[in-house]
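Ready to practise reading a protein structure step by step? Take a look at the sequence and the model below, then work through the exercises.

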Amino acid sequence: MKIALACDHGGVNLKEAIKKHLIGLGHEVVDFGVNSSESVDYPDYALKAATSVANKETECGILVCGTGIGIGIAANKVRGIRCATVGDTFSARMTKAHNNANMIALGERVTGLGLGLDIVDAYLNSEFEGGRHQTRIDKMMDIEKNHL
């Protein structure tokens, strides 16, 4: 799978661990940065990764900042993106199964390394269930079309 990966300065360590983990599993990773703890603006990196997912250059995306909140909100401003900030494996599975999320966001400052990798695995190993969930996604996409 080809996966977009991006972070700000608050998520560098977790992003690098996720990158190593994904490559070890045989995934192709497109790293949109950053690679240092020098302060940057997370919307710039969320935009790069989300655009690659929206344009189908990558199949999904994983974002990391201090909490996962800001970078996830920024990604959701890109048409076609459904990014969920997740902090547990159940939410990671459900956001794919029920919301067909094409991106997730994690917080390095609130999620430990082991849990962070478990969340990534739970998300990637889940599948969209379709059915009644597709109807709801269609309604979300109508909202996006009419208001974004």
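Here are some exercises on this predicted model, each with a worked solution.

**Exercise 1. The sheet**

Work out the order of the five strands in the open sheet, and find which strands stand at its edges.

Solution.
- Step 1: Read across the sheet. The order is β2-β1-β3-β5-β4, and the pairing is parallel.
- Step 2: Look at the two ends. β2 and β4 (83-85) are the edge strands; each has a single partner strand, so one side of each has no neighbour in the sheet.
- Step 3: Check the twist, which averages 25° from one strand to the next.
- Step 4: Zoom in on one pair. Strand β1 (residues 2-7) is joined to β2 by four bridges in the parallel sense. Within this pairing, K2 has E28 in β2 as its bridge partner.

**Exercise 2. Helices on the sheet**

Find which strands α1 touches and which strands α2 lies across.

Solution.
- Step 1: Start with α1. This helix packs on the sheet and touches β1, β2, β3 and β5.
- Step 2: Compare directions. The direction of α1 makes about 165° with that of β1.
- Step 3: Turn to α2 (residues 42-54). This helix lies across β1, β3 and β5, and runs at about 165° to β1.

**Exercise 3. Two annotated active-site positions**

UniProt, in an unreviewed entry, places the feature "active site" at C65 and H98. Decide for each residue whether it is buried, partly exposed or exposed.

Solution.
- Step 1: Ask how far apart the two positions are. They are spread over 34 residues of sequence, and also in space, with up to 24.3 Å between C-alpha atoms.
- Step 2: Place C65. This residue is in strand β3 (residues 60-65).
- Step 3: Apply the cut-off for C65. Buried means under 20% relative accessible area; C65 has 4%, so C65 counts as buried.
- Step 4: List the contacts of C65. Not counting residues up to four places away in sequence, C65 touches D8, G10, G11, G70, I71, L106, G107 and E108.
- Step 5: Place H98. This residue is in the loop between α4 (89-97) and β5 (103-107).
- Step 6: Apply the cut-offs for H98. Partly exposed lies between the 20% and 50% limits; H98 has a relative accessibility of 26%, so H98 counts as partly exposed.
- Step 7: List the contacts of H98. Leaving aside neighbours within four places in sequence, H98 is in contact with F128, E129, H133 and I137.

**Exercise 4. Annotated binding-site positions**

The unreviewed UniProt entry also places the feature "binding site" at several residues, including D8, N99 and R136. Describe the surroundings of D8, then say whether R136 is buried or exposed, or in between.

Solution.
- Step 1: See how the whole annotated set is spread. The positions cover 129 residues of sequence and reach up to 39.0 Å between C-alpha atoms. Of these residues, N99 is included in the lining of the largest pocket.
- Step 2: Place D8. This residue lies in the loop between β1 and α1.
- Step 3: Judge the burial of D8. With 5% relative accessibility, D8 counts as buried.
- Step 4: Find a polar contact. The D8 side chain reaches the backbone nitrogen of G10 at 2.9 Å.
- Step 5: List the other contacts. Beyond neighbours within four places in sequence, D8 is in contact with V34, V40, Y42, V64, C65, G66 and I71. Notice C65 again, one of the two "active site" positions in the record.
- Step 6: Move to R136, which is found in helix α6 (residues 132-147). The relative accessible area of R136 is 47%, so R136 is partly exposed.

**Exercise 5. Two loop residues**

Find which residues the side chains of T58 and H27 reach.

Solution.
- Step 1: Place T58 in the loop between α2 and β3. T58 is buried because its relative accessible area is 5%.
- Step 2: Trace the T58 side chain. This side chain makes a polar contact with the side chain of S52 at 2.8 Å, and reaches the backbone nitrogen of V53 at 3.4 Å.
- Step 3: Add the contacts of T58. Not counting residues up to four places away in sequence, T58 touches K2, I3, A4, V30, S52 and V53.
- Step 4: Place H27 in the loop between α1 (12-24) and β2 (28-31).
- Step 5: Trace the H27 side chain, which reaches the backbone nitrogen of M1 at 3.5 Å.
- Step 6: Add the contacts of H27. Apart from neighbours within four places in sequence, H27 is in contact with M1, I3, L22 and L124.

Technical notes:
Residues are numbered from 1 along each chain as its sequence is written. This is a predicted model: local features need pLDDT of at least 70, side-chain atom pairs count only at pLDDT 80 or more; totals for chains, interfaces and linings use all residues. Side-chain values use heavy atoms; hydrogens and water are left out. Helices (H or I, at least four residues) and strands (E, at least two) are DSSP runs, numbered from the N terminus. A polar contact is a pair of N or O atoms within 3.5 Å; within protein, one must be able to donate a hydrogen and the other to accept it, and residues adjacent in sequence count only if both atoms are side-chain atoms. Contact means heavy atoms within 4.5 Å. UniProt positions are given in the numbering used here, feature names are shortened, and annotations may be inferred rather than shown by experiment. Buried means under 20% relative accessible area, exposed over 50%, partly exposed in between (1.4 Å probe, protein chains only). Two strands pair if DSSP finds at least two bridges between them. Axes are lines fitted to C-alpha atoms, for helices over the stretch in contact, and angles run from 0 to 180 degrees between N-to-C directions. On a 1 Å grid over the protein atoms alone, a cavity is a set of points where a 1.4 Å probe fits but cannot get out, and a pocket is an open set with protein on both sides within 12 Å along at least five of seven lines; lining residues have an atom within 4 Å of a point.
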